[in-house]
Amino acid sequence: MHCLFCGDFLNNSKQKYIGSAVLLLIASVLVKAISAVYKIPLTAYIGATGRGYFNIAYNFYMPLHALIMGAFPITLSHLVSKYNEKKDQAKIHSLKKAAKILFFAVGMLGLVLMLVFAKPYAELISSSPKSIYTIYVLAPTVLFSSMAAYRRSFAEGYMNMIPTSVSQVIEAVFKLVFGLLFARVSMGRLYDMYLQTGAVFGMICENEETALSVIYPLTSAAAMGGVTVGAFISLIYVSVYTSVKYNSYIPRKIYKTKDSMLEIFSFSAPIIFSTVIQSASSFLDDASVQYCLSNCSTEGLKEAYARCLALTSTPDEDIVAYIYGLFSSAQDFKNLLPGLTMALGVAAVPAISAAFEAGDSRRLSNLSNSIFKYTSLIAFGGGFYLSLVAPYAMGLLYKTSNYDIVIGSSNLVFSFGFVMFIYCLAGLSVFSVQAIGCAKKGIPFLVLSAAVRIAVNFLLVSDYRINLYGTVVSGAAGYLVILISNLIIFSRYSGVSFKVSLLFFKPLLCCSVSFAAAKIIFSSLFDEAGDLFNFTVLSGIYIFMFTIMTLLSKTITFSEIKILQYSKKLA
């Protein structure tokens, strides 16, 4: 395989990394696009209140999901990469057997925990007892995701991202199809039941507002059924793929499965601990937002969201769930970029692990700077772009079906866009530290980050005049702690020296100039028109300016464009 980088920057690892990352990015873009298509009609069926129930269930699920998808998969990917570098296929075979048992046990434990704690969470923490139905329906997904994660991370250790990418797309497609089908059928039948009998499952409803208050939790649960079906179909695909691809090896040397399981636990222990802290902090962060909103003056919240509420029939008892639903809609946009750059982090683990184990500091430094630079460009570029087009993008999605969401969430998305780079780079920095086996070094800073976010939420979100906008400040402050601390840890223990101007200042300059130019050119040459026109023209100007700026500033060079084209063939 010939090299395409000049001098010392020529290396096969970068080509493999970019090929893997490109494949994961393409899959992530497809998943995000499918998710966007899915959420438009879903929100039309279940409304912002139903989305509130939907996301309350997800907030309960995500800490368990993060543990399953974050700790053990990273460990398995790292160890497979490590022993593949050493050509020890017998050890890899033993790790596979141990991981199969371990991931199943973890998935079953997560399923039981969701079922047992669903009611206390729904009633005591989220203050939304009706969300319990959605939580119950989502619970089996923990087991399905865990079993799929075992197979995907095993392949990732070989830098094979095909099962990960394809299974993600499959899961998204079936979630869309069955989620919308279940939501539509349940909404139609339950509403017909109300029209015909004046009751829903025997509960008398005095008016439509009361009926919808009963129907929304049930339709949200039905829609969540699509998520569970998608996870199950995804598991079937990845099981078949890895069974065919990786079951031909017959080991000559036998390692004890028990020893391999102990090795997985030994390496993953600090990752598990840090993942638990991250999951708990995210859980407490979201719970504190819900709690602070519930402590706000109801009249104050009604005043703050008067324009939105004027378009809905939301009773006072559902005000908090409704506003949290608006927050969830904004989160859909806010989570787009971290979801994409997470693909770079997943691909980075085996690449950085292999370079670190090989003891090649120059290769590791070159690779790490490239990974962080590409992530920084996506994070800054995408974040500023999100702020630029936020009202028009939301208008295209929700204006005809749920205009109240456009009114209530656009400015929040606009604000999140400018701090997006912090979330993206913080996530990558955590992956990088875990890849070199230093996860425990970052644990104190994860705790500090959680404390900062929760404290700022109580300070700002509890004030009805600030409400959800306090989460912009709390999130940026908390994740900045994670970013800075993990960069220092990674640099100290890997010997990597980061090129700060290339990683931060140049991307920031390119995006700032592109953002300002798009605003000025658009306002000078065009009049405000429909959302589609505004979105298209602003997007075109921004993308053109951003491309020119990245080339002129030499943030991206032509040699890197060549290797990107070559890596697409590898992917």
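**Reading helix 3 and its contacts**

User: F117 is found in helix 3 (residues 89–125). What counts as a helix?

Analyst: A helix is a DSSP run (H or I, at least four residues), numbered from the N terminus. This is a predicted model, where local features need pLDDT of at least 70 and side-chain atom pairs pLDDT 80 or more, while totals for chains, interfaces and linings use all residues. Residues are numbered from 1 along each chain as its sequence is written, and side-chain values use heavy atoms, without hydrogens and water.

User: Is F117 buried, partly exposed or exposed?

Analyst: Buried means under 20% relative accessible area, exposed over 50%, partly exposed in between (1.4 Å probe, protein chains only). F117 has 42%, so F117 is partly exposed.

User: Which residues form a nonpolar patch with F117?

Analyst: L109, V112, L113 and V116 join F117 in a surface patch with about 430 Å² of accessible area together. Members of such a patch have over 30% relative accessible area and no salt bridge, with nonpolar side chains joined within 5 Å.

User: How many salt bridges are there?

Analyst: A salt bridge needs a side-chain nitrogen of Lys or Arg within 4 Å of a carboxyl oxygen of Asp or Glu. The count comes to six. In one of them, E263 meets K91 at 3.1 Å, N to O. E263 lies in helix 8 and K91 in helix 3, 172 residues apart. Both E263 and K91 are buried.

User: What are the closest N and O atoms' distances for K399 with D531 and for R465 with D463?

Analyst: K399 and D531 come to 3.7 Å. K399 is in the loop between helix 13 (361–398) and helix 14 (403–417) and D531 in helix 19 (residues 531–552), so the pair ties together parts 132 residues apart in sequence. R465 and D463 come to 2.9 Å.

Technical notes. Patches are made of residues with over 30% relative accessible area and no salt bridge: like charges are joined within 9 Å, nonpolar side chains (Val, Leu, Ile, Met, Phe, Trp, Tyr) within 5 Å. Accessible areas come from the Shrake-Rupley method with a 1.4 Å probe; for residues, only the protein chains shown count as cover. Helices (H or I, at least four residues) and strands (E, at least two) are DSSP runs, numbered from the N terminus.
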